[in-house]
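Could you open the model in your viewer and keep the selection panel handy? Let's take a walk through it together, one stop after another.

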Amino acid sequence: MAAKGVNLDALIPREDLAIGEGLQSGAHGDPTIGYAHLGRGPNFFRESLRKPEFQRETTQWSPAKIVDLVEAFLDRRLIPAVILWKAGNNNFVIDGAHRLSALLAWLHDDYGDGTKSKSLFGQAIDPEQQAMADKTRALIEKKIGKYELFEASLSYPKVVDDKQKERIGNLTVSHFVAQWVPAATKEAAEDSFFIINANATPLEPTEKKILNSRGAGNSIAARAIAHGGAGYPYWKAFDEDRQAKIVEFGRDIYQLLYRPPLGQGTIDTLDVTVAGRGYSVLPFVFDLVNFANEAKVGDSSKPAAKNKTPCDQDGTETLRFLSAAFQTTSRITGKSPTSLGLHPVIYFYSRGGSFMPWAVLAWSKIIDGLFARGTVNSFCDVRADLEDFLITHKATMTSIVHQYGSGHRSVAPLTRFWTFLLDSFLSGASVERVRELWQESADWAYLLKVEPPLRMPDESSKKRISRTTLTSTIWDASLPGAARCSICSARLHRNSQTGDHILAIRDGGDARPGNTGIAHPYCNSTYKDWKAKRD
């Protein structure tokens, strides 16, 4: 999934609203918040700032919007008030976390890749998160100047221009207006949060579901995966052993889905990740966790009180959700013995290189069904022909999504269509007969009438080749010659390759190059022997 914005989530730590409840809860603090409250060095107010742990991630603002906020502060333009609630030693930001975080980012040179961010997310920052940070920092330097430059001007006045001198003068007097919620209890403060944020940037349906069931096992599991076991520990109330297992599962599933990371710009290789770019991925991961567990999640349009999933009290449910998600994911990719190593370019991306999350959900359902019915080996029998068919008719995936709409609405029809194709091949039909069955089908014949069925968007009037056109051209040229499994003949992905003794050691084979092939993990561990016994 594409990045939504700059990751400022680490700049104001998260905390449970209940922490400190009853100790000066609802008291009023300073009426304004300025540089003295947020700047570098020892600072009690800055260190007391917290966000409610259920608040959405602070990743919604673009580099340009961050620059605009910092400029507005330095130019003393009107900025909406920040709303806070005092509970014990903590000052919770009920509204205005993005505003405060944008200024903190400039003051502390942390746009998702600084000291605080690395402390929360780990030293290895996601490449897309790093790219957004670099873009923001470059724009800051161009339009404002780094905060260090302002500091340097105290000793070397000539390093700043007249506009920057004016802004230095404003820095110590500019401020946010602070309004303090008088609520005395956690529940009242939480109600204030949702009322105040009702008209903010609309929440996606999946985000609403996560908020409404934020203590449930599926929500905690999704958060563990979304940052690879790093980030704020929503599982910290569980015992240490379960915390460690949650972190391990989160890291392992993230690695299966998002490593090696995709670079920026045009996708110029077949070595893509299973699930797109690993940034701002929580909604997709939440869906994947629920699909893997066949979990039903309440309608997000209903009031929260009628739509909450029971909280996980000790981590048992979270681990159950993670275990099932790991099982499903490791059947799709990776090097475990059950991995079919589905090639993402064939199964999960459009012809122009767009990641299709609904395709992952559909295929996860199909693959789990094959394992449940014990028909995986039969799938391997026809897999090569099926994949060639999917490549030739890749536009049908996009057509189905256009027909039914994005999101969950497309998962069921994608599942039905691909199951129809798979069942046709499993019945012994040739490629030509599968096309005939498709044409005869009342459910799917419309896909043959889509105009144009295989052509990319018309770009005849453009002089510059688009990213999607270049990606599709590279893939069209690369897929025919891609490495194939020595056992099932379907294509291999770099994340799911294992060495195969063409002639087994028990039959006199050895480890010389001439007796070594590459195979999908499942083909090497199971299908090979099953096929040998059958044949």
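A term to carry along: buried means under 20% relative accessible area, exposed means over 50%, and partly exposed lies in between, with a 1.4 Å probe and protein chains only. The model is a predicted one, in which local features need pLDDT of at least 70 and side-chain atom pairs count only at pLDDT 80 or more, while totals for chains, interfaces and linings use all residues. Residues are numbered from 1 along each chain as its sequence is written, and side-chain values use heavy atoms, leaving out hydrogens and water. Helices (H or I, at least four residues) and strands (E, at least two) are DSSP runs, numbered from the N terminus.

**Stop one: the sheet**

Please select the six strands of the open sheet, whose order is E1-E3-E5-E4-E6-E2 with mixed pairing. Two strands pair here if DSSP finds at least two bridges between them. E1 (14-15) and E2 (32-34) are the edge strands with a single partner each, so one side of each has no neighbour in the sheet. Between E1 and E3 (residues 49-52), which run parallel, there are two bridges. For one of the residues involved, pick glutamate 15, whose bridge partner in E3 is proline 52.

Now add helix H4 (residues 97-108), which packs on the sheet and touches E2, E3, E4 (82-87), E5 (90-95) and E6 (175-180). Contact means heavy atoms within 4.5 Å. The direction of H4 makes about 115° with that of E5; axes are lines fitted to C-alpha atoms, for helices over the stretch in contact, and angles run from 0 to 180 degrees between N-to-C directions.

**Stop two: two residues to zoom in on**

Start with valine 82 in strand E4. Is valine 82 buried or exposed? At 0% relative accessibility, valine 82 counts as buried. Beyond residues up to four places away in sequence, valine 82 touches Val93, Asp95, Arg99, Leu100, Phe176, Val177, Ala178 and Gln179.

Next, go to phenylalanine 193, which sits in helix H9 (residues 186-196). Phenylalanine 193 is also buried, with a relative accessible area of 6%. Its contacts, again leaving aside residues up to four places away in sequence, are Pro52, Phe54, Gln55 and Ile94. Measure off the C-alpha atoms of phenylalanine 193 and isoleucine 94: they are 5.3 Å apart, although their positions lie 99 residues apart along the chain.**Stop three: the aromatic rings**

Rings of Phe, Tyr and Trp (its six-membered ring) pair if their centres lie within 6.5 Å; planes under 30 degrees apart count as stacked, over 60 as edge-to-face and the rest as tilted. By this rule the model has 20 aromatic pairs. Show phenylalanine 389 and phenylalanine 425: with centres 5.7 Å apart and planes at 75°, the pair is edge-to-face. Phenylalanine 389 is in H17 (residues 376-392) and phenylalanine 425 in H19 (residues 408-426), so the pair ties together parts 36 residues apart in sequence. Phenylalanine 389 is buried at 3% relative accessibility, and phenylalanine 425 is buried at 4%. Widen the selection to the cluster that ring pairs form from Phe389, Phe417, Phe425, Trp438 and Trp444.

**Last stop: crossing helices**

Finish on H14 (residues 316-332) and H16 (residues 357-373), which pack at an angle of about 95° with axes 10 Å apart. The two helices are therefore roughly perpendicular, a label for angles of 65 to 115 degrees. Where they meet, look for Thr328, Arg331 and Ile332 in H14 and Ser364, Ile367, Asp368 and Phe371 in H16.

Definitions and conventions: Angles under 35 degrees count as roughly parallel, over 145 as roughly antiparallel, 65 to 115 as roughly perpendicular and the rest as oblique.
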